[in-house]
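Trainee: Could you take me through one helix of this protein up close? I'd like to see how it sits against the rest.

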Amino acid sequence: MTTRKQIPGTDLSIFPINLGTNTFGWTADEAQSHAVLDAFVAGGGNFLDTAESYPAWVPGNTGRESETIIGTWLASRGNRDDVVIATKVGDHPEHKTQDPEYIRTAIDASLERLQTDHVDLYYAHRDDEVTPIAEVARVFDEIVRSGKAKHIAVSNYSPARLAGWFAAAEDESLVKPVAIQPQYSLVYRREFETDLRPIAERRDLAVFSYFSLAAGFLTGKYRTEADLEGADRGGMVQGYFNAEGLKVVDDLVAIADSHNVAPATVALSWLLAKGVTAPIASARTPEQLEAVMAAPGLELSADEVDRLDRASTPFAVEEPS
């Protein structure tokens with residue numbers, strides 16, 4: 001069984017794959033989502049990632065479906081103490097704010113949907129760049145001290161605002177974030193490697209990458225324009241569908257074939273080799289989980305990591321000014 005990792009500065013021990021649940025209420029209904037959750041836990045997984053906004057982009061959805069589905073699963077399985085739950089606030093179409101008054105109501109609403117009295121990790125999902133950062137730091141501190149969240153984390157904040165959060169926390173002896181959630185994959189390297197990894201290393205923050213498989217592009221199933229037709233995430237994948245992106249997939253597939261594993265397994269293993277604590281990956285069916293769960297057990301050679309580094313260099317270098 002894969003060894004679990006400790007999130008620095010916490011007592012949380014996690015399987016090194018973070019199950020993304022933005023598919024719940026979108027490409028997976030409640031029964032399918034429960035089946036994915038059951039399979040994830042049966043395979044040794046214990047770390048779930050959701051948000052109050054998942055999946056609000058689906059016509060007719062409220063954006064609160066994912067939390068609600070997780071809540072019904074927790075209630076029916078009676079296993080709250082066996083899983084680590086992270087949720088987020090501040091990227092809902094109706095509430096793209098980090099206003100403290102809203103956050104106080106949002107955490108209570110999330111807990112009600114999740115049918116629990118606390119979350120293990122509570123994220124500031126997206127910065128509004130308007131609310132004074134000290135106010136944001138204070139309300140997240142308040143939520144931890146109230147027992148509604150064990151720890152806090154940050155996603156989609158600029159390095160400057162992140163630095164401001166830590167400065168405010170140190171000035172006022174507030175609880176500090178223990179993790180960041182950046183977009184990071186073989187075809188999206190520049191932002192994390194240039195701006196955020198130095199902060200994570202200096203602050204000893206856990207890193208949970210999102211779009212780890214580039215909306216499915218790094219599964220290798222999109223090799224031609226025809227493959228995109230009718231795909232739920234076809235629009236997201238389109239941005240990677242060029243000569244540079246397809247070169248990455250070619251090398252990914254070659255390495256995967258040499259290990260007799262899926263390309264997704266290699267893509268996630270590369271992230272683990274790059275110091276990501278637990279990449280976020282989602283699944284619509286239990287069958288899709290197999291490739292995801294295999295990643296921690298695959299150790300890429302230095303040559304294989306280097307080959308993928310070189311193939312994905314166009315996504316890592318600074319853009320010309």
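Mentor: Let's agree on one term before we start: contact here means heavy atoms within 4.5 Å. Also bear in mind that this is a predicted model. The helix I'd pick is α1, which runs over residues 30-42. With its 13 residues, α1 reaches 18 Å from the first C-alpha to the last, close to the 18 Å expected at 1.5 Å a residue.

Have a look at which side chains are tucked away. Ser 33, His 34, Val 36, Leu 37 and Phe 40 of α1 are buried, and buried means under 20% relative accessible area. If you look down the axis of α1, those buried residues fall within an arc of 160°, so they line one face of the helix. The general rule behind that kind of pattern is simple: an α-helix has 3.6 residues a turn, so residues three or four places apart point the same way. On the other side of α1 you'll find Ala 31 and Ala 42, both exposed.

So what sits on top of the buried face? The cover over the buried residues of α1 includes two strands, β3 (18-20) and β4 (47-49), along with the helices α2 (65-77) and α11 (286-293).

Now the ends. Asp 29 caps the N-terminal end of α1, with a side-chain oxygen 3.2 Å from the backbone nitrogen of Ala 31. Past the other end, just after α1, Gly 44 takes a positive phi of about 105°.

One of the covering helices, α2, leads us a little further along. Asn 79 lies in the loop between α2 and β5 (84-89). Asn 79 counts as buried, because its relative accessibility is 10%. Setting aside residues up to four places away in sequence, Asn 79 touches Trp 73 and Leu 74.

For some context from elsewhere in the model, the largest nonpolar core has 88 residues. Those with the most contacts inside that core are Tyr 122, Phe 140, Trp 165, Phe 217 and Leu 218. Helix α4 (residues 133-145) gives the largest share of this core, 8 residues. Two of the names you just heard, Tyr 122 and Phe 140, form a tilted aromatic pair, 5.6 Å centre to centre with 35° between the planes. Tyr 122 lies in strand β6 (residues 119-124) and Phe 140 in helix α4, so the pair ties together parts that are 18 residues apart in sequence. Both of these residues, Tyr 122 and Phe 140, are buried. Ring pairs also link Tyr 122 and Phe 140 with Tyr 157 and Trp 165 into a cluster.

Technical notes. Residues are numbered from 1 along each chain as its sequence is written. This is a predicted model: local features need pLDDT of at least 70, side-chain atom pairs count only at pLDDT 80 or more; totals for chains, interfaces and linings use all residues. Side-chain values use heavy atoms; hydrogens and water are left out. Helices (H or I, at least four residues) and strands (E, at least two) are DSSP runs, numbered from the N terminus. The expected span of a helix is 1.5 Å times one less than its number of residues. Buried means under 20% relative accessible area, exposed over 50%, partly exposed in between (1.4 Å probe, protein chains only). The arc is that of the directions from the helix axis to the C-beta atoms. A polar contact is a pair of N or O atoms within 3.5 Å; within protein, one must be able to donate a hydrogen and the other to accept it, and residues adjacent in sequence count only if both atoms are side-chain atoms. A nonpolar core is a set of buried Ala, Val, Leu, Ile, Met, Phe, Trp, Tyr and Cys residues joined through side-chain atoms within 4.5 Å. Rings of Phe, Tyr and Trp (its six-membered ring) pair if their centres lie within 6.5 Å; planes under 30 degrees apart count as stacked, over 60 as edge-to-face and the rest as tilted.
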